Amino acid sequence: MSSIAIRTEDLTRDFPTVRAVDSLSLEIPTGIIFGFLGPNGAGKTTTIRLLLGLLEPDNGRGEVLGFDVQTEADRIRERVGALLENDGLYERLTAYDNLDFFGEINHLPTPDRRDRIRHLMEHLDLWDRRSEQAGKFSRGMKKKLALARALLHQPTLLFLDEPTTGLDALSAVALRDDLTSLVHQEGVTVFLTTHNMAEAEKICDRVGVIHKGQLVVEGRPDEIGAQARQPIVKVIGSGFTPEILAEVGEVPQVVEVIRSEDGLTIRLKEQGETAELVHLLVSRGAQVEEVHKVGASLEEAFITLMGEQSE
Amino acid sequence: MRDIWIVCKKGLKELIGARGGRRGFLIQIAILAGVFGFFPLSQKEVWMEGTMPAVFFSMIPLFSASGVVADSFAGERERKTLETLLATRLPDRSIFLGKVISALIYAWAFTILSMITSLIGINLVKDSPGIYLYPSSVFLFGLVGSILTGLLIAGVGVFISLRASSVREAQQMLVVPMWVLFMAIGFGLPALANALPESTRQQLLRWLAGINPTHFAIGLLIALAIVDIVLLILGIRRFQRTRLILD
């Protein structure tokens with residue numbers, strides 16, 4: 001099997017009033033959880049639809065598991081699992097029948113199908129409610145059931161479109177835990193779209209940020225954070241006179257100095273040594289008790305990136 | 001074939017599971033079959049004469065399947081299950097034919113139930129002795145005719161349902177061709193006959209009177225079969241998953 005799970009080159013898709021995906025070029029290795037981040041309407045769902053062969057690109061090309069998205073989409077769909085924007089469950093059917101239907105679609109032999117359904121439902125704490133109509137499930141349980149459906153035929157690649165959207169915090173954490181444990185257990189490559197940065201930072205090996213259909217940045221979450229972040233130094237202490245603040249503000253490395261109740265918050269242009277700043281403060285008579293370098297989260301990096309893109 | 005049956009089976013399972021489960025489904029069937037059995041019950045032996053039962057049974061699928069076919073794709077779209085179905089390995093043709101066949105099976109089962117109900121009704125109220133059974137021509141025409149009209153409504157309905165964004169929209173769109181058909185038969189043909197010159201009309205009536213009813217029925221069934229095949233071919237060609245996601 002190829003070591004590249006997904007490869008796109010200038011993939012483009014237009015709708016009558018908007019270019020949803022604009023010259024997207026990506027390369028995602030197998031065996032990782034890839035987070036595709038972006039605000040609503042950025043082109044995340046359209047990208048998944050293009051990769052699954054549910055939409056045709058207007059330009060460019062894409063390959064999933066070595067198969068062309070336009071000419072071999074049926075072979076792609078055989079090998080991947082998908083939990084799309086809507087959970088896609090048949091609410092009139094029981095939870096078990098929902099999985100059984102998709103097991104049949106994937107031609108799983110009956111005994112294997114039964115075992116697999118039981119294994120997944122037990123893992124996700126759904127087995128006891130297998131005979132209930134899916135429509136009676138809570139949103140979190142529906143998402144779990146849809147996750148089981150996506151993993152049923154042991155796909156090599158899993159597409160997850162906003163899997164935790166609409167869930168309360170506890171359900172989201174539970175689903176995320178189930179997802180990561182199952183994914184690692186089954187060795188699946190995951191393409192996950194989300195606008196939950198904390199989620200992406202926790203579970204993704206690599207992330208790509210898309211805005212207005214264009215890939216803005218791609219890399220490890222910490223790399224992206226480092227690229228986009230403006231480091232912050234928090235100084236706790238007293239004696240920070242207006243003269244001292246003005247002097248610190250004139251240091252070339254410093255972007256902004258903000259006075260707070262217990263000290264100062266200093267935003268820097270880039271990562272670097274803070275010893276010089278501390279020395280300056282102490283030499284001017286300030287009483288410095290503590291100094292913290294605060295790293296920006298992926299969320300802060302994302303907001304910075306989106307701000308830059310909008311300018 | 002296996003994939004078609006998988007889609008078809010799921011469709012039927014959903015139908016039976018809808019509106020209060022199996023019990024609700026059986027009550028619904030019983031009520032409708034009772035209604036369809038009422039006409040022969042009220043007409044006694046008159047019902048047995050002529051081609052009326054055959055025509056009656058052939059028309060049942062037009063009513064019984066219309067709701068099911070309108071729901072086929074538009075319902076999946078409305079309930080947000082269509083995209084997930086399209087994201088599976090099922091070939092386009094299997095999804096389309098599975099939907100058509102599940103509507104057809106539903107309509108046909110309904111027709112058979114109505115035929116049995118009618119038969120029981122006639123035997124309960126008839127004045128003549130013995131057990132009445134449908135003449136073989138009526139029985140065959142009813143069975144084959146109902147399959148073909150079922151296929152017709154399933155073909156047209158699924159075709160419409162493909163492009164409709166909701167079940168209600170599909171039902172509204174489906175009413176149009178049914179109205180056109182009934183208006184054409186009820187008013188169009190008599191109006192056309194009246195518009196013909198008297199001599200031509202007489203000639204036509206003489207020709208119609210000379211036609212063997214069996215041959216006429218067979219001809220009608222063949223014409224219906226041809227329309228069904230054309231509709232199915234068009235439907236299969238038109239069914240492309242890349243054109244089905246409307247949002």
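**Stop 1: the four-stranded sheet**

Select chain A and colour its strands: four of them form an open sheet in the order β2-β1-β4-β5, with antiparallel pairing. Look at the edges of this sheet. There stand β2 (18-29) and β5 (67-68) of chain A, each with a single partner strand, so one side of each has no neighbour in the sheet. Keep in mind as you go that this is a predicted model.

Now select residues 4-15 of chain A, which make up strand β1. Show β2(A) beside it: the two strands pair in the antiparallel sense over eight bridges. For one rung of this ladder, pick R7(A). Which residue of β2(A) is the bridge partner of R7(A)? It is E27(A).

Add helix α1(A) to the view. This helix packs on the sheet and touches β1, β2 and β4 (59-64) of chain A. Its direction makes about 115° with that of β1(A).

**Stop 2: the six-stranded sheet**

Stay in chain A and move to another open sheet. Six strands form it, in the order β6-β7-β8-β3-β9-β10, and the pairing is mixed. Select 80-83 and 214-219 to light up its edge strands, β6 and β10 of chain A; each pairs on one side only. Sight along the strands: neighbours in this sheet are turned by 15° against each other on average, direction ignored. A general point helps here. Strands of a sheet pair through backbone hydrogen bonds, either parallel or antiparallel.

Both senses can be seen in this sheet. Start with the parallel one. Select residues 157-161 (β7) and 189-194 (β8) of chain A, which pair in the parallel sense over five bridges. Label L158(A) and look across: V190(A) in β8(A) stands opposite.

Next, the antiparallel case. β9(A) and β10(A) run antiparallel and are joined by five bridges. Among the residues to label is V207(A), whose bridge partner in β10(A) is G219(A). Then zoom in on the turn. β9(A) and β10(A) form a hairpin with two residues between them. What is the phi of K212(A) in that turn? It is positive, about 50°.

**Stop 3: helices on the six-stranded sheet**

Select residues 44-51 of chain A. This is α1 again, and here the helix lies across β3 (33-37), β7, β8 and β9 (206-211) of chain A. It runs at about 150° to β8(A). Now add residues 169-186 of chain A, helix α6. This helix packs on the sheet too, touching β3, β7 and β8 of chain A. The direction of α6(A) makes about 165° with that of β7(A).

**Stop 4: domains and a second hairpin**

Zoom out and colour chain A by domain. The assignment gives domain 1 (4-218) and domain 2 (229-294). How many Å apart are the C-alpha centres of these two domains? They lie 45 Å apart.

Then go to residues 254-260 and 263-268 of chain A. These are strands β12 and β13, paired in the antiparallel sense over six bridges. The two strands form a hairpin with two residues between them. Label R259(A) and find L264(A) standing opposite in β13(A).

**Stop 5: where chain A meets chain B**

Show both chains. At their interface, 26 residues of chain A are in contact with 27 residues of chain B. The two chains bury about 2700 Å² between them, with 59% of that area on carbon and sulfur atoms. Select L54(A), Y90(A) and R92(A). Together they supply 25% of the area that chain A buries against chain B, more than any other three residues.

Turn to the polar side of the interface. Seven residue pairs are in polar contact between chain A and chain B. Colour α2 (73-79) and α3 (95-105) of chain A; each supplies at least two residues of the side that touches chain B. Helix α3(A) gives the largest share of that side, five residues.

**Last stop: a salt bridge between chains**

The structure holds 24 salt bridges over all chains. Three salt bridges are found across the interface of chain A and chain B. For one of these, show the side chains of R49(A) and E83(B), which meet at 2.7 Å, N to O. Why does this pair join two chains? E83(B) lies in helix α5 (residues 82-86) of chain B, while R49(A) lies in helix α1 of chain A, so the link runs from one chain to the other.

How values were computed. Residues are numbered from 1 along each chain as its sequence is written. Chains are lettered from A and ligands numbered from 1 in the order in which they are written. This is a predicted model: local features need pLDDT of at least 70, side-chain atom pairs count only at pLDDT 80 or more; totals for chains, interfaces and linings use all residues. Side-chain values use heavy atoms; hydrogens and water are left out. Two strands pair if DSSP finds at least two bridges between them. Axes are lines fitted to C-alpha atoms, for helices over the stretch in contact, and angles run from 0 to 180 degrees between N-to-C directions. Contact means heavy atoms within 4.5 Å. Domain bounds come from an automatic or database domain assignment. Buried area is the accessible area (1.4 Å probe) that two parts lose on being put together, summed over both. A salt bridge is a side-chain nitrogen of Lys or Arg within 4 Å of a carboxyl oxygen of Asp or Glu. A polar contact is a pair of N or O atoms within 3.5 Å; within protein, one must be able to donate a hydrogen and the other to accept it, and residues adjacent in sequence count only if both atoms are side-chain atoms.
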